[in-house]
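This report introduces a structure to a reader who has not met it before. Please look over the sequence and the model first, and then read on.

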Amino acid sequence: MFLQKLTNGLLFIYFLFISIVAPLFDGQTILPIEFFPKVLVDLKSSYAQENNDYLISDKPHFFVGLVWVELLLQWPLCIANLYGIVNKKSWVKKTCLIYGVSTATGMVAILSELIRSEKGSSRVVNIYAPFMAFAIVCILNGLTTKSSTVNLTTRPASARKKRA
């Protein structure tokens, strides 16, 4: 029970962060720069230069495709998960699982590119790695059952015999 509340709290903070950062920073990868304030554009370009993040500066095709997936699929799931966690909806585990699998799939491609590429640095890998960790937490959260105890002695009402 405590572990589930702790997990939901951590995921809430993560989903809040992603729901703000994804459209403001990742959107700059696929949308014209004129749509964004100069402060955000300068912040993103200074990040790319300081950390030598060639994925952001060079915009390889696979990375642009993953950003589209993030903004069209994962970002709405983040918002839905925020709503579901706050209102304790039963479907949150399913949407966490969907989000986690989608994010982990993209992060495998990004991390393998960074690790195998000569351009990638360990600093950039360390920046992207927490996103993979949160994707795994989302997957595990989605795979856990609602209750840790199972009562095998009671039968559902439909299985009970009625007395005359």
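How do the residues of the lining of the second largest pocket divide into nonpolar, polar and charged? The model in which this is asked is a predicted one, and in it the lining divides into 18 nonpolar, four polar and three charged residues.

## Overall make-up

The chain holds six helices and zero strands, so its elements, followed from the N terminus, run α-α-α-α-α-α. Of the 164 residues in the chain, buried residues make up 35%.

## The second largest pocket

The pocket has a volume of about 670 Å³. It is lined by 25 residues, of which Val-21, Asp-26, Glu-70, Tyr-128 and Phe-131 are the closest to its centre.

Several helices take part in this lining, since at least two residues each come from α1 (2-30), α2 (38-51), α4 (61-86), α5 (92-116) and α6 (122-143). The helix that gives the most is α1, with eight residues.

## Two bent helices

Helix α1 bends by about 45 degrees at Ala-22, and a proline, Pro-23, follows within four residues. At 1.5 Å a residue, the 29 residues of α1 should span 42 Å, and this agrees with the 40 Å that lie between its end C-alpha atoms.

Helix α4 has a kink of about 40 degrees, centred on Glu-70, a residue that is also listed with those closest to the centre of the second largest pocket. For the 26 residues of α4 the expected span, at 1.5 Å a residue, is 38 Å, and the end C-alpha atoms are 36 Å apart, which agrees. Glu-70 is one of the buried residues of α4, and among the others are Phe-63, Val-67, Leu-71, Gln-74, Asn-81 and Ile-85.

## Cysteines without disulfides

A disulfide is a covalent bond between the sulfur atoms of two cysteines. With a cut-off of 2.5 Å between the sulfur atoms, the count here comes to zero disulfides. Cys-96 is in no disulfide, as the nearest cysteine sulfur, that of Cys-138, is 4.7 Å away. For Cys-78 the closest cysteine sulfur is also in Cys-138, but at 7.8 Å this sulfur is too far for a bond.

Are Cys-78 and Cys-96 buried or exposed? Cys-78 has a relative accessible area of 0% and is therefore buried, and Cys-96, at 0% relative accessibility, counts as buried as well.

Conventions
Residues are numbered from 1 along each chain as its sequence is written. This is a predicted model: local features need pLDDT of at least 70, side-chain atom pairs count only at pLDDT 80 or more; totals for chains, interfaces and linings use all residues. Side-chain values use heavy atoms; hydrogens and water are left out. On a 1 Å grid over the protein atoms alone, a cavity is a set of points where a 1.4 Å probe fits but cannot get out, and a pocket is an open set with protein on both sides within 12 Å along at least five of seven lines; lining residues have an atom within 4 Å of a point. Grid points are joined across faces, edges and corners, and a volume is the space filled by probe spheres set on the points. Ala, Val, Leu, Ile, Met, Phe, Trp, Tyr, Cys and Pro count as nonpolar, Asp, Glu, Lys and Arg as charged, and the others, Gly among them, as polar. Buried means under 20% relative accessible area, exposed over 50%, partly exposed in between (1.4 Å probe, protein chains only). The expected span of a helix is 1.5 Å times one less than its number of residues. The bend at a residue is the angle between axes fitted to the seven residues ending there and the seven starting there.
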